[in-house]
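Visitor: Could you take me in for a close look at one part of this protein? Pick a single spot and walk me around it.

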Amino acid sequence: MRDAILAVTGDTHGEKNRFLNPKEQANKHLKKGDYLFICGDFGYIFNNTCKEREFLEFLANEIPYTICFCDGNHENFEILNSYDISIWNGGKVHIIKSDNSGLPKIIHLMRGQVYEIEGRKIFVFGGGYSIDKAMRTEGKSWWKQEMPNEIEKNEAIENLEAANWSVDYIITHTAPEDTMSIFNLGNTNEKPLNNFLEYLRERTTYLHWYIGHLHRDENVWRGQTVLWYLVRNMDNNMVLD
């Protein structure tokens with residue numbers, strides 16, 4: 001029996017083809033017992049429609065691997081926060097959907113948590129700022145909870161302290177400030193979050209850090225990779241081709 005694959009990809013934004021197309025990287029390579037981590041902007045529970053609920057049922061029962069996602073900025077936080085909080089692999093989660101046997105298959109990884117999954121420690125911190133929020137409607141297509149609060153930041157620090165500031169992998173939606181400065185995006189509204197992630201980077205030992213949000217696929221520096229469509233094996237950072 002092969003070891004479980006921990007794979008990671010970028011924002012999915014509710015695009016059904018990412019899971020319906022058998023030629024997509026995750027669908028070609030991941031089997032039962034494997035994991036796909038999504039770096040925010042999951043998007044399949046955005047409008048709470050019957051079609052969305054049907055697709056979640058499909059993901060839970062027809063996709064063999066487990067889907068885990070941190071929240072991005074384009075999420076319906078009212079729906080996300082309506083789920084009960086559970087403890088899964090050592091950290092807080094929202095179990096979005098289990099399969100017909102009761103196995104959790106779609107899992108929201110909450111901000112500031114450290115999980116132990118298949119022998120790896122994974123720190124997760126979602127959230128980001130919507131530069132397009134002026135074109136969105138609060139409570140319908142944009143929610144102020146997109147930016148983390150001080151309670152979530154403090155919990156992140158406490159959990160990393162408990163892990164002796166050492167994890168295997170970090171998954172976030174946006175990037176630390178030094179990394180954001182490379183792309184010269186000038187999003188001053190997001191800077192408090194970027195600065196907080198930079199503070200965590202300076203203190204934390206990690207093997208690799210995976211980031212979404214920027215809608216690009218590339219290795220950056222300091223063991224950091226930005227993801228969008230590519231799917232990578234977290235253990236070696238290689239693309240699942």
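Guide: Let's go to the place where strand β3 (residues 66-70) meets strand β6 (residues 104-109): the two are parallel partners, joined by four bridges. Keep in mind that this is a predicted model. To find your bearings along the pair, look for Ile67, which has Ile106 of β6 standing opposite. Then find Phe69, whose bridge partner in β6 is His108.

Now swing round to the other neighbour of β6. That's strand β5 (residues 91-98), and here the sense is antiparallel, with five bridges joining β5 to β6. A handy pair to click on is Ile95 with Ile107, its bridge partner in β6. β5 and β6 make a hairpin, and five residues sit between the two strands. Gly102 is in that turn, and its phi is positive, about 95 degrees.

So what about the surroundings of β6? Five of its six residues are buried, meaning under 20% relative accessible area, so β6 is largely enclosed by the rest of the structure. As for side chains, in a regular strand they alternate between the two faces of the sheet.

Zoom out and you'll see the whole open sheet: seven strands in the order β4-β5-β6-β3-β2-β1-β13, with mixed pairing. The edges are β4 (85-88) and β13 (231-233), each of which pairs on one side only. From one strand to the next, the twist averages 35 degrees. Back at our spot, you can read β5-β6-β3 straight out of that order, with β5 antiparallel to β6 and β3 parallel to β6.

Terms used
Residues numbered from 1 in each chain as written. Predicted model: local features only at pLDDT ≥ 70, side-chain atom pairs only at ≥ 80, totals over all residues. Heavy atoms only, no water. Pairing = 2+ DSSP bridges. Axes fitted to C-alpha atoms, helices over the stretch in contact; angles between N-to-C directions. Buried < 20%, exposed > 50% of the residue type's maximum accessible area, 1.4 Å probe, protein only.
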